[in-house]
Amino acid sequence: MSTGPVVVVGFVVALLKTMETFQPADSVIFVDEPDVFRKKGAAPKIADARCVADTIEFEYFNLPAAADEFFHRYRDLNPSAIIPAVDYAVPFAARLAERYGVTGATYGAAALLRDKELLRLVARAAGIANPASVPVAGPDEVRAFMAAHPGPAILKPANRQAAIGTRILADDTELDAAWADCLDQDEGIATPDRAMPLRMLVEEYVKGEEFSVEMVLRGGEALCANVTGKALIPGPKPVENGHVVPADVPAALTAALNAETVRLMDAVGFDTGFVHCEWIVRDGTIYLVECAGRMPGDMIMDLIREAWSFNMVEYYFEVMRGETPSRTAPTEAPAGAAIWFLHTEPGEVLSVDGLDEARERPGVLQVDMLVQPGGRVNELRSSWDRAGLAVARGESPAAALAAAREAIDTLTVKFA
């Protein structure tokens with residue numbers, strides 16, 4: 001077992017803050033694209049971090065041989081674990097793990113998880129429920145699909161993240177405009193400046209209750225899991241409005257969602273790592289939405305820590321280092337935790353009232369504006385266009401969700 005550094009692929013500030021609570025000094029190396037390090041202003045944040053030993057700037061987004069090139073340039077790195085922190089890092093990190101001989105997802109599984117079209121093919125063959133889905137290259141192909149599959153459809157990228165470029169189509173009357181809108185995909189600081197290939201899918205729109213499963217696996221077996229309940233902002237863009245942990249559902253549904261996640265991981269050949277799988281339940285059937293081979297965003301890991309009194313990130317790192325976790329994963333959550341997002345009409349923010357009052361409400365842990373006075377709220381196109389958030393903890397999931405929503409309702413945004 002290596003005692004070398006943990007290599008984290010993809011710079012994420014929230015993960016850095018969490019690692020500071022349990023990783024030893026100088027034990028982490030961040031790897032990311034030069035453009036992303038620069039655009040995220042990573043240098044000063046990393047300079048102040050106790051746990052970070054070094055950074056390596058390296059281009060890897062959608063570059064299939066990048067991991068093998070990296071391995072030959074840094075053969076003496078001797079990592080103890082390799083952690084993918086963002087979507088685009090998942091195949092790269094899995095291949096690096098194979099080359100360095102440490103625990104990982106397997107490159108084959110990671111490649112399937114990163115490609116929504118291929119994941120559907122494999123999951124469907126394994127008997128997992130999926131909506132009808134086909135790749136499309138233009139509006140005419142979308143129109144043909146909708147004619148063959150009456151009812152709403154959803155247009156989405158096969159190889160993007162954060163709901164960017166995704167749109168629910170009630171009918172085909174504005175299809176040409178919707179197609180152009182979905183192809184306008186600016187991921188800002190999250191991606192390098194160079195162009196990346198884009199592939200689109202059109203799918204049957206399955207409307208139902210939405211959930212995600214966060215799970216750590218070793219050798220394909222689940223070691224710990226959480227089910228998160230999800231709510232979407234109403235409208236044609238399926239952007240998440242909030243999350244509640246654990247999902248406030250019967251134990252039988254929780255068990256079924258966990259079982260389907262394990263079955264999906266068996267289908268793709270996943271070995272060891274973290275998965276964040278999204279599901280929709282309609283009329284008792286569990287449909288796959290998509291699955292990421294990395295930890296979730298939207299502060300879901302913080303919600304898990306608050307609700308379960310358990311640091312799932314630290315547990316995951318221990319598993320990836322090949323260690324026996326220092327704590328047994330709990331099977332019941334003693335509390336509930338929730339996040340609710342503020343979304344507004346587009347415009348330049350003049351002021352925000354009610355922040356102090358919202359932060360002082362019972363159960364509220366955090367209230368933040370994501371757009372400051374003088375900044376602009378953009379039209380809702382992806383998760384990055386939300387204006388603020390509130391996080392709360394309660395004696396139950398329902399109590400936590402109510403507290404977070406009430407905190408958001410306390411805020412008043414004035415526009416110039």
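**Entry 1: Glu33**

I began with Glu33, which counts as buried because its relative accessibility is 1%, where buried means under 20%. I note here that I am reading a predicted model. Glu33 sits in the loop that runs between strand 2 and helix 2 (34-39). What does the side chain of Glu33 reach? I found that it reaches the backbone nitrogen of Phe61 at 2.8 Å, and that a polar atom of the same side chain lies 2.7 Å from the backbone nitrogen of Tyr60. Setting aside neighbours within four places in sequence, I listed the contacts of Glu33 as Phe58, Glu59, Tyr60, Phe61, Pro192 and Arg194.

**Entry 2: the parallel sheet**

From the loop I went back to strand 2 (residues 28-32), which runs parallel to strand 3 and is joined to it by five bridges. Within this pair, I saw that Asp32 stands opposite Glu57 of strand 3. I then asked in which order the four strands of this open sheet lie. The order is 3-2-1-4, and the pairing is parallel. Strand 3 (52-57) and strand 4 (81-84) are the edge strands, each pairing on one side only. On average, and with direction ignored, neighbouring strands of this sheet are turned by 20 degrees against each other.

I also looked for helices on this sheet, and noted that helix 5 (residues 90-100) lies across strand 1 (6-9), strand 2 and strand 4, running at about 170 degrees to strand 4. Helix 12 (residues 312-320) packs on the sheet as well, where it touches strand 1 and strand 4, and its direction makes about 135 degrees with that of strand 4.

**Entry 3: the antiparallel sheet**

Next I turned to an open sheet of four strands in the order 5-8-6-7, in which the pairing is antiparallel. Strand 5 (133-136) and strand 7 (167-169) stand at its edges with a single partner strand each, so one side of each is left without a neighbour in the sheet. Neighbouring strands here are turned by 25 degrees against each other on average, again with direction ignored. I followed strand 6 (residues 153-157) to strand 7, to which three bridges join it in the antiparallel sense, and Ile154 has Ile168 of strand 7 as its bridge partner. Helix 9 (residues 175-183) lies across strand 5, strand 6, strand 7 and strand 8 (200-204), and it runs at about 170 degrees to strand 7.

**Entry 4: a hairpin**

I then examined strand 12 (residues 273-282) and strand 13, which pair in the antiparallel sense over seven bridges. The two strands form a hairpin with two residues between them, and Asp283 in the turn has a positive phi of about 50 degrees. Cys277 stands opposite Cys291 in strand 13. Is strand 13 (residues 285-292) mostly covered or mostly uncovered? I recorded it as mostly covered, since six of its eight residues are buried.

**Entry 5: helix 14**

My last entry concerns helix 14 (residues 397-409), whose 13 residues reach 18 Å from the first C-alpha to the last, close to the 18 Å expected at 1.5 Å a residue. The buried residues in helix 14 are Pro397, Ala400, Ala403, Ala404, Ala407 and Ile408. They lie on the same side of helix 14, because they cover an arc of only 135 degrees around the axis. I found that these buried residues pack against strand 11 (240-245), strand 14 (336-342), helix 13 (355-359), strand 16 (364-369) and strand 18 (388-394).

Methods
Residues numbered from 1 in each chain as written. Predicted model: local features only at pLDDT ≥ 70, side-chain atom pairs only at ≥ 80, totals over all residues. Heavy atoms only, no water. Pairing = 2+ DSSP bridges. Axes fitted to C-alpha atoms, helices over the stretch in contact; angles between N-to-C directions. Contact = heavy atoms within 4.5 Å. Expected span 1.5 Å × (residues − 1). Buried < 20%, exposed > 50% of the residue type's maximum accessible area, 1.4 Å probe, protein only. Arc of directions from axis to C-beta. Polar contact = N/O pair within 3.5 Å; in protein donor to acceptor, adjacent residues only side chain to side chain.
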